[in-house]
Amino acid sequence: MQGVLTGFAVIAVVIAVGYAIGRRGYLGDQGREVLTKLAFHVASPALLFTTLAQTDLSVIFSSRLLVTALSTAAAAGVFVTVGVVRHWGVGRTTIGALCSSYVNSGNLGIPIAVYVLGDASLVAPVLLFQLVGVTPVALTILDLSGKGEKGPLWRRLLTPLRNPIAVGSLAGVAVSATGLRIPAPVLDPLTLIGGMSVPAVLLAFGISLCGSTMPGRGPDRHPVFLSVALKSVGQPAAAWALAAGVFGLRGAPLLDVVVTSALPAAQNLYTYASSYGVGERLARDSILLSTVLSVPVLVVVAALLG
């Protein structure tokens, strides 16, 4: 328990430093964007590659992955059901379902996996499942509903596989599966670069908190509140019930799956909403509120299960 609380304290301090940097404008107007791009395109792929390349694949392909898939489907399914009944439309319902179940496994998942769970590889099953499984399905639905720019469907389906974090993760899994040993002159620079991932992500997140407007207002308030409730409470509760009651997980494995399920909605969901021109405010407000609520939720989860 002490280690978990210490991990959250470390994360909170670095986010606070990022907020201070943003308030003072030390990195200029593009500081957050530069840090985010550095983490997304360079540091996080390097971290996941070096971690997964030396990880036992049983950690990735285990009952935890099934718990993640089922809890994701449960949270998204509830939102879709309500959306159909309330006639929120295919596009908005799809975005809301994503905000209810698609966790921030990259930006916040990696730091929390490192500092709270003690192993960056624990977030890999969630990350790969979302990028390779959930994203193509959601983008296909948005395409078929007539939203967004038109283009070859196959190209949109392959979009997750062009994601640098997905590429780094899959490459690491491939190296681990083949048993290859990476020479130190190659591995050491990648390890050094990967070390930038966590601080860059947390500093960028802290900067992003500057100037945020009050969410949860306007015509999207009901979908927003539903998605936030499902993301912050419903999905981690479903993960706990499945992991403990169905798969019999206890101790650290149980904590791992519940913590990753309690992560807030991913920031790239706003990119999807903007690209397709649907549910933009729903995505923005859901991401912000679930991110704020994730802090007390994660602390409670760690206190109960840690």
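**Internal cavities and the surroundings of Thr72**

At 7% relative accessibility, Thr72 counts as buried, because the class is reserved for residues under 20% relative accessible area. The model in which this residue is described is a predicted one, and Thr72 belongs there to helix H3. A polar atom of the Thr72 side chain lies 2.7 Å from the backbone oxygen of Thr68. When residues up to four places away in sequence are not counted, Thr72 touches Ser101, Phe129, Val134 and Gln235.

Ser101, one of these partners of Thr72, is located in helix H4, which spans residues 90–101. With a relative accessible area of 3%, Ser101 is likewise assigned to the buried class. Its contacts, leaving aside neighbours within four places in sequence, are formed with Thr72, Ala75, Ala76, Gln130, Lys231 and Gln235. Between Ser101 and Ala69, a sequence separation of 32 residues corresponds to a C-alpha to C-alpha separation of 9.8 Å. Gln235 thus appears both among the residues touched by Thr72 and among the contacts of Ser101.

Ala73, also found in helix H3, is placed in another accessibility class: at 47% relative accessibility it counts as partly exposed, since the exposed class begins over 50% and the buried class ends under 20%. The C-alpha atoms of Ala73 and Gln235 are 9.1 Å apart in space, although the two residues are 162 residues apart in sequence.

Attention now turns to the enclosed space within the model. Two cavities of 30 Å³ or more are held by the structure, and the largest of them contains about 70 Å³ of space. Its lining is made up of Arg64, Leu65, Thr68, Leu122, Pro125, Val126, Asp256, Val257 and Thr260. At least two residues of this lining are supplied by each of helix H3 (63–86), helix H6 (124–144) and helix H12 (251–261). In terms of residue class, five of the lining residues are nonpolar, two are polar and two are charged. Thr68, which is one of the residues lining the largest cavity, is also the residue whose backbone oxygen lies 2.7 Å from a polar side-chain atom of Thr72.

The second largest cavity holds about 40 Å³ of space, and it is lined by Gly109, Ile112, Ala113, Leu117, Val123, Val259, Thr260 and Leu263. Helix H5 (109–115) and H12 are the elements that contribute two or more residues to this lining, with the largest share, three residues, coming from H5. The lining residues of the second largest cavity divide into six nonpolar and two polar, with no charged residue present, whereas two charged residues occur in the lining of the largest cavity. Thr260 is listed in the lining of the largest cavity and again in that of the second largest. Helix H12 likewise gives at least two residues to the lining of the largest cavity and two or more to that of the second largest.

Aromatic ring packing was examined as well, and the count comes to one aromatic pair. This pair is formed by Phe79 and Trp88, whose ring centres are 5.4 Å apart and whose planes meet at 45 degrees, an arrangement classed as tilted. The tilted label applies because the angle is neither under 30 degrees, as stacking would require, nor over 60 degrees, as an edge-to-face arrangement would. Phe79 and Trp88 are both buried.

Definitions and conventions. Residues are numbered from 1 along each chain as its sequence is written. This is a predicted model: local features need pLDDT of at least 70, side-chain atom pairs count only at pLDDT 80 or more; totals for chains, interfaces and linings use all residues. Side-chain values use heavy atoms; hydrogens and water are left out. On a 1 Å grid over the protein atoms alone, a cavity is a set of points where a 1.4 Å probe fits but cannot get out, and a pocket is an open set with protein on both sides within 12 Å along at least five of seven lines; lining residues have an atom within 4 Å of a point. Grid points are joined across faces, edges and corners, and a volume is the space filled by probe spheres set on the points. Helices (H or I, at least four residues) and strands (E, at least two) are DSSP runs, numbered from the N terminus. Ala, Val, Leu, Ile, Met, Phe, Trp, Tyr, Cys and Pro count as nonpolar, Asp, Glu, Lys and Arg as charged, and the others, Gly among them, as polar. Rings of Phe, Tyr and Trp (its six-membered ring) pair if their centres lie within 6.5 Å; planes under 30 degrees apart count as stacked, over 60 as edge-to-face and the rest as tilted. Buried means under 20% relative accessible area, exposed over 50%, partly exposed in between (1.4 Å probe, protein chains only). A polar contact is a pair of N or O atoms within 3.5 Å; within protein, one must be able to donate a hydrogen and the other to accept it, and residues adjacent in sequence count only if both atoms are side-chain atoms. Contact means heavy atoms within 4.5 Å.
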